[in-house]
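The following exercises are to be worked with the sequence and the coordinates at hand. Each task is followed by a solution in steps.

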Amino acid sequence: MARDLSDFEFDPAVLEGFTLHDLKCDACSGYGNCGYRMYRLKDGKPVLICQQKKKKLKAQRDLELAGGAVE
Ligand SMILES: [Zn+2]
């Protein structure tokens, strides 16, 4: 059965500990250059998870874990 691969069923695991709000793509690039992915929530609503935001937040979190906030 053919399936549109750009459309994933939403799995909380993709958030990797962040919230949907944190990772929601604001169409940063407008052309999908940030590598967002579209998922479908259970109610059928599409949600865009921004890969660029996730990468940034993960880097930030790694820094915090590595030695606390450096000022
Ligand atoms: Zn984005």
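**Exercise 1: Pro46 and the hairpin**

Setting aside residues up to four places away in sequence, Pro46 is in contact with Met38 and Arg40. The model is a predicted one.

Task. Establish where Pro46 is found, and determine which strands pair and in which sense.

Solution.
1. Pro46 belongs to strand E3.
2. Strand E2 (residues 37-40) pairs with strand E3 (residues 46-49) in the antiparallel sense, over four bridges.
3. Within this pairing, Pro46 in E3 is the bridge partner of Arg40, and Met38 stands opposite Leu48 in E3.
4. The two strands E2 and E3 form a hairpin with five residues between them. Gly44, in the turn, has a positive phi of about 90°.
5. Pro46 has 10 other C-beta atoms within 10 Å and is therefore exposed, since the limit for an exposed residue is 12 or fewer.
6. The C-alpha atom of Pro46 is separated by 8.9 Å from that of Phe10, and these residues are 36 apart along the chain.

**Exercise 2: Order of the elements**

Task. State how many helices and strands the protein has, and give the order in which its elements run from the N terminus.

Solution.
1. The protein contains two helices and three strands.
2. Read from the N terminus, the order is β-α-β-β-α.
3. For contacts with a separation of 6 or more, residues 24 or more positions apart account for 56%.
4. Of the 71 residues in the protein, 8% are buried.

**Exercise 3: The nonpolar core**

Task. Identify which residues make up the largest nonpolar core, and decide whether Cys25 is buried or exposed.

Solution.
1. The largest nonpolar core has five residues in all: Leu23, Cys25, Tyr36, Ile49 and Cys50.
2. Cys25 lies in the loop between H1 and E2. With 20 other C-beta atoms within 10 Å, Cys25 is buried, because the threshold is 20 or more.
3. Apart from residues up to four places away in sequence, Cys25 touches Cys34, Tyr36, Leu48, Ile49, Cys50 and Lys53.
4. Ile49, with its neighbours within four places left aside, is in contact with Val14, Leu23, Cys25, Tyr36, Arg37, Tyr39 and Lys54.
5. Between Cys25 and Ile49, which are 24 residues apart along the chain, the C-alpha separation is 5.5 Å.
6. As general background, nonpolar side chains in soluble globular proteins tend to be buried together.

**Exercise 4: Exposed loop positions**

Task. Locate Ala27 and Asn33, and explain why Ala27 counts as exposed.

Solution.
1. Ala27 is placed in the loop between H1 and E2, and Asn33 is placed in the loop between H1 and E2.
2. Ala27 has 11 C-beta neighbours inside 10 Å and so counts as exposed.
3. Asn33 has 10 other C-beta atoms within 10 Å and is therefore exposed.
4. The C-alpha atoms of Ala27 and Leu48 are 8.6 Å from each other, with 21 residues along the chain between these positions in numbering.
5. For Asn33 and Gln51, 18 residues apart along the chain, the C-alpha separation is 9.5 Å.

**Exercise 5: A positive phi at Glu16**

Task. Give the sign of phi at Glu16, and determine where this residue is found.

Solution.
1. Glu16 has a phi near 50°, which is a positive value in a residue other than glycine.
2. Glu16 is found in the loop between strand E1 (7-9) and helix H1 (20-23).
3. There are 12 other C-beta atoms within 10 Å of Glu16, so Glu16 is exposed.

**Exercise 6: Helix H2**

Task. Compare the reach of helix H2 with its expected span, and explain why H2 lies largely in the open.

Solution.
1. Helix H2 (residues 51-67) consists of 17 residues.
2. From its first C-alpha to its last, H2 reaches 25 Å, close to the 24 Å expected at 1.5 Å a residue.
3. The number buried among the 17 residues of H2 is one, so H2 lies largely in the open.

Definitions and conventions. Residues are numbered from 1 along each chain as its sequence is written. This is a predicted model: local features need pLDDT of at least 70, side-chain atom pairs count only at pLDDT 80 or more; totals for chains, interfaces and linings use all residues. The expected span of a helix is 1.5 Å times one less than its number of residues. Two residues are in contact if their C-beta atoms, placed from the backbone, lie within 7 Å. A nonpolar core is a set of buried Ala, Val, Leu, Ile, Met, Phe, Trp, Tyr and Cys residues joined through C-beta atoms within 7 Å. Two strands pair if DSSP finds at least two bridges between them.
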